[in-house]
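Open the structure in your viewer and keep the selection tool ready. We will go from stop to stop, and at each one you select something and look.

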Amino acid sequence: MQTTNNTKQINMLSEIVTPLLRWYHSQARILPWRENPQPYYVWISEIMLQQTRVEAVKPYFDRFITALPTVQALAEVPEGDLLKLWEGLGYYNRARNLQKAAQQVMQEHTGNLPASYDALLALPGIGRYTAGAIASIAYHIGVPAVDGNVLRVITRLIASREDIMKEKTRKMIEAYLQEIMPTDKAGDFNQALMELGAMVCLPKGAAKCPLCPLKQLCLSHAEDYTTEIPVKTPKKARRPENLTMFRLQYQDKIAFQQRPNKGLLANMWELPHIDGHLSIEEIKNHIANLGLPIQSIQALPPAKHIFTHIEWHMIGYAITLRALPAHSPWHWISHSDRVESFAIPTAFKAYVFEE
DNA sequence: AATTCGGGGAA
DNA sequence: TTCCCAGAATT
């Protein structure tokens, strides 16, 4: 019963392999991490590309492998330097997991990334997609790599209305792809599916079907379903949070503090701030209670920063002090150190670099 | 199974 | 505004 249905899908999908590979060989973008697909480079690129667009990764990739050219260099770099290399890219646990994995590779795999899907999957930060991507692209192992692009391409090809957010759907598609995998060209095949999703089989009704090498095979193109497929469960609304930022300055220095080592923006540097929107009178009281000698205080323009699940509504005050307190909970950081040495999340930059 | 992790580009 | 991005870890 189920078998009949699956066999039908697999037979249909098996026809995409040849035209897809032919299309990829003529249309593949030239990307920095495709020039020399050695395991370390593929690994770094795949982690950077998690939930992150190709264009956003480009300026980070070369700089990262120049600064940390080997697994050993990554394993040994101070965390602050690592976060500075990742600054602005987001999802900073990716960088920390990358380093944990590098240390594990040094100890358990003599410094070489393991050439096995299961061993890759056991490393921090490497899930089913990334293990499949590294295994197929760097080691030519015949396993699928199912990301958002592939989910969209395959559900459209077979006109499936299964919810692509569900684990069950992803595993079903992995199983289909495993069946039709050209095992000697797994890396190209996986990348071709992603490339098609990124360049032609676009989301939100923007599909460029006339350019698609698979249009004669595609059931969604035949029935004009590309605006309805894939089906995704809607995500939860963001919660708003009001914050008041302090730009405490003395001469060329600004007060910074390090965020906690867990949770949002862990271990990164931030401006002092408090919950809620405080008036200038409340600010004066607050600062005076801290025993700080205020020379001048000035309201800064409001700013908004949107995270995946939170929305920060920020107001801020520039407060110039007459003297540095003998003991303060903050690090006083000069402009050059701010730019060069400390990893500061984008959310704070409106107030950090407001002059 | 649901939530938590960033940030930016496109419509 | 909303959606989505070469997702994974934690709860």
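Is Phe307 buried or exposed? Select Phe307 and find out: its relative accessible area is 13%, and under 20% counts as buried, so Phe307 is buried. Keep in mind that this is a predicted model.

**Stop 1: the partner of Phe307**

Add Trp312 to the selection. Trp312 is buried too, at 3% relative accessibility. Phe307 and Trp312 form an edge-to-face aromatic pair. Their ring centres are 4.9 Å apart, and the planes meet at 75 degrees.

**Stop 2: helix α4**

Now select residues 54-67, which make up helix α4. How far apart should the ends of these 14 residues be? At 1.5 Å a residue, the expected span is 20 Å. The end C-alpha atoms are 20 Å apart, so the model agrees with the expectation.

Look along the helix for a bend. There is a kink of about 30 degrees in α4, and Tyr60 is at its centre.

Next, show the side chains of Val54, Val57, Tyr60, Phe61, Phe64 and Ile65. These residues of α4 are buried. What covers them? Select residues 39-48 for α3, 71-76 for α5, 79-86 for α6 and 93-108 for α7. These helices are among the elements that cover the buried residues of α4.

**Stop 3: aromatic rings**

Stay with Phe61 and show Tyr41 as well. A search of the whole structure finds 9 aromatic pairs. In the pair of Tyr41 and Phe61, the ring centres are 6.4 Å apart and the planes stand at 90 degrees, so this pair is edge-to-face. Tyr41 belongs to helix α3 and Phe61 to helix α4, 20 residues apart, so the pair links distant parts of the chain. Both residues are buried: Tyr41 has a relative accessible area of 18%, and Phe61 has 1%.

Widen the selection to Trp33, Tyr40 and Trp43. Ring pairs link these three with Tyr41 and Phe61 into a cluster.

**Stop 4: a charge over a ring**

Select Arg161 and Tyr225. Arg161 lies over the face of Tyr225, 4.8 Å from the ring centre.

**Stop 5: strand β1 and its partners**

Select residues 239-250, strand β1. Which strands pair with β1? Take them one at a time.

- β6, residues 310-321, runs parallel to β1, and 11 bridges join the two. Find Met245: its bridge partner in β6 is Gly316.
- β4, residues 273-275, is antiparallel to β1, with 3 bridges. Find Thr244: its bridge partner in β4 is Ile274.
- β2, residues 253-258, is antiparallel to β1, with 2 bridges. Find Tyr250: its bridge partner in β2 is Lys253.

While you look at side chains here, remember a general rule: in a regular strand they alternate between the two faces of the sheet.

Now zoom in on the turn. β1 and β2 form a hairpin with 2 residues between them. Gln251, in this turn, has a positive phi of about 55 degrees.

**Stop 6: Asp275**

Finish at Asp275, in strand β4. Is Asp275 buried or exposed? Its relative accessible area is 66%, so Asp275 is exposed.

Which residues does Asp275 touch, leaving out those up to four places away in sequence? They are Asn242 and Leu243. Draw a distance from Asp275 to Asn242, C-alpha to C-alpha: the value is 6.1 Å. In sequence, Asp275 and Asn242 are 33 residues apart.

Terms used
Residues numbered from 1 in each chain as written. Chains lettered and ligands numbered in written order. Predicted model: local features only at pLDDT ≥ 70, side-chain atom pairs only at ≥ 80, totals over all residues. Heavy atoms only, no water. Helix = DSSP H or I, 4+ residues; strand = E, 2+ residues; numbered from the N terminus. Expected span 1.5 Å × (residues − 1). Bend = angle between axes of the 7 residues up to and from the residue. Buried < 20%, exposed > 50% of the residue type's maximum accessible area, 1.4 Å probe, protein only. Contact = heavy atoms within 4.5 Å. Pairing = 2+ DSSP bridges. Phe/Tyr/Trp six-rings, centres within 6.5 Å; stacked < 30°, edge-to-face > 60°. Lys NZ or Arg CZ within 6 Å of the ring centre and 35° of its normal.
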